[in-house]
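Me: I would like a close look at a single part of this model, namely the disulfides. Please take me through them slowly, in connected prose that a first-year student can follow.

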Amino acid sequence: MICKILRITLLFLGFQHCSSRECVDPLVSGLYASSFLASSRYNFLYSANFAKLYGSSGWSPSPGDRQPWLQVDLGRKYRLVAVATQGTFNSYDWVSKYTLLYGDRPDSWTPYVMKGGNSTMPGNWNYHQVKRNVFHYAFTAKHVRLLPLAWNTENGGKIGVRLELFGYSYVLQYNGDDTLIYMYPEKRSRTLRDHYAINFKTLEQDGLLLHSEGVQGDVVTLELKRGRLYLHISLGSSMVHKVNGRTTLTAGNILDDQQWHYVTIKRYGRQVNFTVDSQTVTAICKGEFSHLDLDSQLYVGGVIESNVPHLPTTPNFRGCLENVFINGINIIDMAKREEPEIRIPRKMHYHCRDILLKPMTFAGPNNYLQVPGFFRKPRMFVKFKFRSWDYTGLLMFTRFADDLGALELGLSEGQVNVTIFQPGKKKLQFAAGYRLNDGYWHTVDLAARDNLMTLTIDEEEGSPLKITNPFTIRTGDRYFFGGCPKTNNTIRKCETKLNHFHGCMQQIYIDNEQLDIDFILQRQWGLSSPFDDVIYRCTPNPCEHEGRCIQSWDDFICLCENTGYKGEVCHMSVYKESCEAYRLQGKYWSGNYTIDPDLSGPLKPFEVYCKMKSYKAWTVILHDRVDGTKVTGSTVDRPYVGNVNYWNASWDEVTALANTSMYCEQWIDYSCYKSRLLNTPNGRPYGYWIGRNNESHYYWGGAFREVQKCGCSINQTCTDPKFHCNCDADYRQWYSDKGYLDFRDHLPVRRVVIGDTNRTNSEAQYTVGPLRCHGDRNIWNTISFVKPTYITFPTFKPGSSADISFHFKTYRDNCVFLENSDEQLPTQNLAFVFMVGDGILNVTLRSPMPLNDNEWHFVQAEINVKLARIKVDWQPWAVRRFPGQTFVTMEFSHPILVGFLGIRLRMNGVPLDLEGKVNEEQGIRRNCTGECLNATIPCRNSGQCIEGYASYTCDCNNTAFDGFYCHKDIGAYFEIGSWMRYNIRKKPISDEAAWANWIDPHFDNFSLGYNDTADDVEFSFSTLHTPAVLLYISSFVQDYIAVILKTDGSVDLRYRLGLITHKYQLTHRNLADGYPHYINITRHNRTIKSQPIVEKITLVEDARFDSPKSMFLGRVMEIGDIDKEIKRHNAPGFIGCISGVRYNVYAPLKALFRPNETDPPVTTQGYVSESVCGAFTPVHGYVPWEADPWFVTIGKKTPTPPPPPPPPPPLRRLVYKDKL
C-alpha cells in the first residue's frame, strides 16, 4: 500500500507532561533487560537490551539473519502515541525504513497501518539524530515488534536500532452486566463546549458506550450497532414550536474486530465533530439551541438501574474501555481512586482480559494454508470464520480418501457454495448464506457423513442447509484453505477453478480440534500472514457527492448513478454551471435545465428554467411566494416574517447562482390598505426584506440600494410627494409600491418582514417574483501577464480530490501556471506536477501541435485517490494511475501562486477572481488584448503582428520587406543587360493533382502555397529608360503575367489565362521620370483590380493561372514561345531600381538578399546590386532592447530605453506613391 500525502506535519510532543486529557510518558527507558527480545544479535555488544534511546550502543542482528526483528515487552498495556528511533551510537549503522507490529500477546500481532494502508515508516538518515513518528491514531498494546525493511549500507553500515515508545494507560473490563456512573457536580451539567474521548475494543456488534439525558429533551448517546458507531445528540426539543433536535452521526465500520478503536467527540454550540480512528464526520445539530443540558449522571458502558437493566434498544457493552475522558475529567482514574462522583453497582476489573485470536490474512495471488487432517474417517467436521470483500474465492478444499472424490467450499456472488465431486457421477452443488462478502466476520460450520451434509452459516441453527443426496465420506489427510499451492503434484492434490481467496480467516477447527496456527507456520505449511490485515476502503466513503462505494479486497469502485456527478470518485459534475454555459455550448431552445453553479463543489445540482435568447440566456427560479400573500395582525414589535422557499434548490444553491451571474433581478410588490411600508421620510421602517447573508435592506423595488425609498420616489410619481412610498401616505384605499430589485450582491430575497397591519381595517398583500439572472461573470474573467510576476490567492483546501480548469494563450516557449517547476518542457508538452510522500510526480500531456500559438486553449487537470490526469482542448486525457491502495490527502499551508493564466480559473469548482488582482505596475493587466491592438507603430506592408503582451514583433516572412516593423525596403539596381530569375516550381502540376486539388485542397498534402484563382502583385520602380519588361511570370503552359513599361513611359498589364491574351493599360502617364512609382495588381477569379481600373476576364477563359514556373526581373530569359509584345519591349532590358517585389507569397529580391535557406531558387546575370530605392517612408521607431543587436548592458542594470523619436518629414523628391 502506498500512502500519498501532500503535506508533512511535524508534531512535537511534550513528553513527561500530564494534561487533563492524557499523560504521555516514555515507556522503554525504564525497562529491564529481560523485556527485550530479538531474532538474533551481531555479538553481545549489540544485544537487544542495548536498544534504548540515547544508549551507548544499540541492537544489530546477525549478518545471516534473513528476517530480523526487535521486540519489546512493556509489562502491561499502554495506549501508544509515538515512536522514536536512533542508529547505533558512533557508527554507520541505522535503519531508514521499518514496520511496527503490536499486540496484547507475543504470538498475536497487528501491523500499524498509516493513512491509506501504508505500513512502512520512515527511519533515520544518520546515527545520532532522533527520528520521531507520531501515530495518526493511537493504539493499545503490551508487546511491540520492529521489523527493519531498509538500512544504511555505505561505509560498511548495517542494521542498528535504538528506540523509545511513548504512551499512557487507563483500562476497564466490561462483561455486559457492568456499568460506571459519573455524577455531575451539582446534579446537572450545562455546557456550550464538550470534548469526549474514549477507546474501546470488543467482539460484539452491539453495545452502549455512553448515555446521558436531560428533562428538556437533551440527550447524548454513543452506541455500537452492527459494528458501526452511532452518536445521537440533541440540544433540546420543543413540542410547541415543533422542533426535533435529535441529530445522528455515523462513523467507522466493522469495529467488532477485537482491536482498539479511538473515539473523539468535540462540540461547540451546534457544531459537532465525531472522529473514529482516522475518520471524522462533521454536522450541525438540528434546532436552534446551543447548550447541552444534562441531568444527574452519565452512564459509561451500559445502563443498569433497578428497573432498567439496559436501554430498550441497545444492550450493554461487552469488552474493554480505555482512557475515558469527559471534558478533561479522567473517568477511569477517578474510579480507581474511588472518588465520590463515581458510582459502580458491582466490582469491575481494571485490566483487559486477553482473548486469543490468531487471524490469518490471505492477500497475495499465491496465498494458501495447508492443514493436516485425520485420514479415512467416516465423519467430517470443519468450522472456521472468514471475512472478505470479494465476490468469489476458494474457502476450503479437501480430497477424500480411496479416490471417492473431493469437497469444495467456495465464495460465489456473496454465498457459500458447497460442491461434492464423485468419480463417474455428476457433481453436487448447493449454496447457503446471503451477502457474505460484506467485510464482517461470518462463521461456516460443516458436518458431514455418508449421504448427509449440514452447513450452518453464522450459527443460525434454525435454518441450516441439509444435503441428503447419496455420497460417501472418507476424510483425506489434508485440507487447503484460501487457495491451492503452485507445487501440487501429490496424489491427493488440490484442484479448483475458483480464484484465490482474499480476506481473513480465524478459529479454524478440523474434526473439533482447533488449529494451532503457530505450529502450521513453523512447519511452513502455507503462505499467509499471521494477522488480520483487512482494509476498509469504503470507510470513510471515498466517493463524493453521495456516490455509493463498493470494495473488493484490494480496490474499490464508486457508483455515481443518480448523483449528477461522474468520474472515478464522483467528483466531476455532469451538468453545466449556468444557462449561459448551455447557450455557449449550442443549446438555443428554452426549457428546464439542470445546472451546478459550483460544479465539483459541495452544492448539489438543481433544476431551473432557461429562457434562451440569441445574445444571452435568462435563468429563472420559482418559489412559493410568486402568488400574493395576505398579511394582517402584525406590529413593528411582533412583525410578520414570510420565508421565501425556492423550488428544487436550497438557499445556498440559489445564492451561488446569483453570485456567479452577471446580472440578477427580482420583482417585489407591496399592496396596502392603511398599512405603511418604509415609514418615510425619517421614521423607523415597518417593512423591509432580507437578502443574502441574512442582511436586512430598507429600500424597495425600483429604488437605488440603501436609500430607504420606493420606486415612485425615484420616478417622482408617489401619491403624496411628502413621502417616498405610496403606502407611507397611509390612505384608506388600496395603493402599491412595486418594482425590480437589481443589486445582485443583495439578492435573492430570502424573507419579507411586514409590521403595520394591526390597526383597524389595516391590511397588506405582498408578492415576490421569481429570481431572474443572466450571464456568467466567470466566463470572461480575463487577465494578462506582461511581466515576470504572479498573483496570490488564499490557501487551497481540496481534501482528497482536486480539479483545476482554465483557459490560456501565449507565445512563450515555457510558462508556469500554478506552482513552480524548474523543468523546461517542450512547447508541445503540458505537465501536471504534484508532490506526494514518494517525491515529485507528474503526468505530462504531449500535444501533437504547439500550444504557444497565441490561440486560446482550455486546460483541465484532476487528481484523486485513483489517478492524476490532464487534458487540453479536445485532445484525449493524459493519465497517470495510482496503485490500487493509494491514499491521497491534500493539505496545503501556503497560498496559491498563479504565474500565468487567461480566463475562467476554477479550483474544485470554485472560480477565482482574476480581474480582482489587476495591478498595472506589477504587470498584471485586465483583459487579454496585448500590445498588437494598441501598437505605437503598427506592422507595415502586410506584416503579421506577433503578440508579446509586454511587447510585440512583426513577422515579415510573407512580405517583401525587412526590419522590426516590416518597413525596410529590399530593392535592387539593375544595369543594362542584367536580369534575375526566381524559380517558383521545378516541374509542372499534373492534371490529376490539379483536379484533385480543385476537389480537395488538402489532397495528398499537395498545395500551391496560395490560391491559383487569385493573384496579388506589388512592386515599386524608378527608371529613366524605356522600354522594359518590369515583371514577367511564366508557366509550364502558355499562361503568363507581364507588366510592361512602354516606349512612351506608360504601363500595360498583359494577362494570359488559357487561349486569349488580355491587355490592360494601367496608366497613360510617363513613369520613366526617375521618381519611385508603386504598382499593385490583384485578381480574384475573373476580376482584376488596379486603382482606379477594374477589368473583367471573359467567361470563356479559365480563371486559374496554371503551373506557374518562374518570375523574371530586368529581362525575360524564358525558353520557348514568348509573346511578340514581350519580345519587342525586352531589349535592351530594364535599367534602374526595383524594390518591394512580391507575387502572392513569393518575394524574389528578399530571397536573393535575405536568404533563409542554403540554396535559394534565385539566378542572376550581370550586375544586380542591393539598393534602397526610396519608394517608402523611412520608419524610426523604438526597437525593444532584447531585439536590438547594438544594445549594450551597462553594469548589471538594464537601462530604460528612450522614447521613440518623431519620424522625419517625408522626402517628396524621393518618395512618391502612385494610385494607378
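Reply: What follows is a walk through some of the disulfides, taken one pair at a time.

Please keep in mind that the model is a predicted one, and that a pair of cysteines is taken as a disulfide here when the two sulfur atoms lie within 2.5 Å. By this rule the count comes to 12 disulfides, and I will describe three of them, including the one formed by C484 and C494.

In that pair, the sulfur atoms of C484 and C494 are 1.8 Å apart. The torsion about the S-S bond of C484 and C494 is about -50°, and the disulfide is therefore left-handed. Both cysteines sit in the loop between β35 (478-481) and β36 (503-510), with their positions 10 residues apart in the chain. To judge whether they are covered, we need the cut-off that buried means under 20% relative accessible area. C484 has a relative accessibility of 13%, so it counts as buried, and C494, with a relative accessible area of 4%, is buried as well.

The next pair to consider is C664 and C773, whose sulfur atoms are 2.0 Å apart. Here the angle about the S-S bond is 110°, and the link of C664 and C773 is right-handed. Because C664 belongs to strand β48 (residues 663-673) while C773 belongs to strand β54 (residues 771-774), this disulfide ties together parts that are 109 residues apart in sequence. C664 counts as buried because its relative accessibility is 0%, and C773 counts as buried because its own value is 1%.

The third pair in this account is C1137 and C1173, joined with an S to S distance of 1.6 Å. The torsion about the S-S bond is about -70° for C1137 and C1173, so this disulfide is left-handed. C1137 lies in strand β83 (residues 1136-1143), whereas C1173 lies in the segment after β85 (1168-1171), and the pair thus links distant parts of the chain, 36 residues apart. Both C1137 and C1173 are buried.

Looking back over handedness, the links of C484 with C494 and of C1137 with C1173 are left-handed, while the link of C664 with C773 is right-handed. As for the surroundings of the sulfur-bearing residues, C484 is buried at 13% relative accessibility, and C664 is buried at 0%.

Technical notes
Residues numbered from 1 in each chain as written. Predicted model: local features only at pLDDT ≥ 70, side-chain atom pairs only at ≥ 80, totals over all residues. Heavy atoms only, no water. Helix = DSSP H or I, 4+ residues; strand = E, 2+ residues; numbered from the N terminus. Buried < 20%, exposed > 50% of the residue type's maximum accessible area, 1.4 Å probe, protein only.
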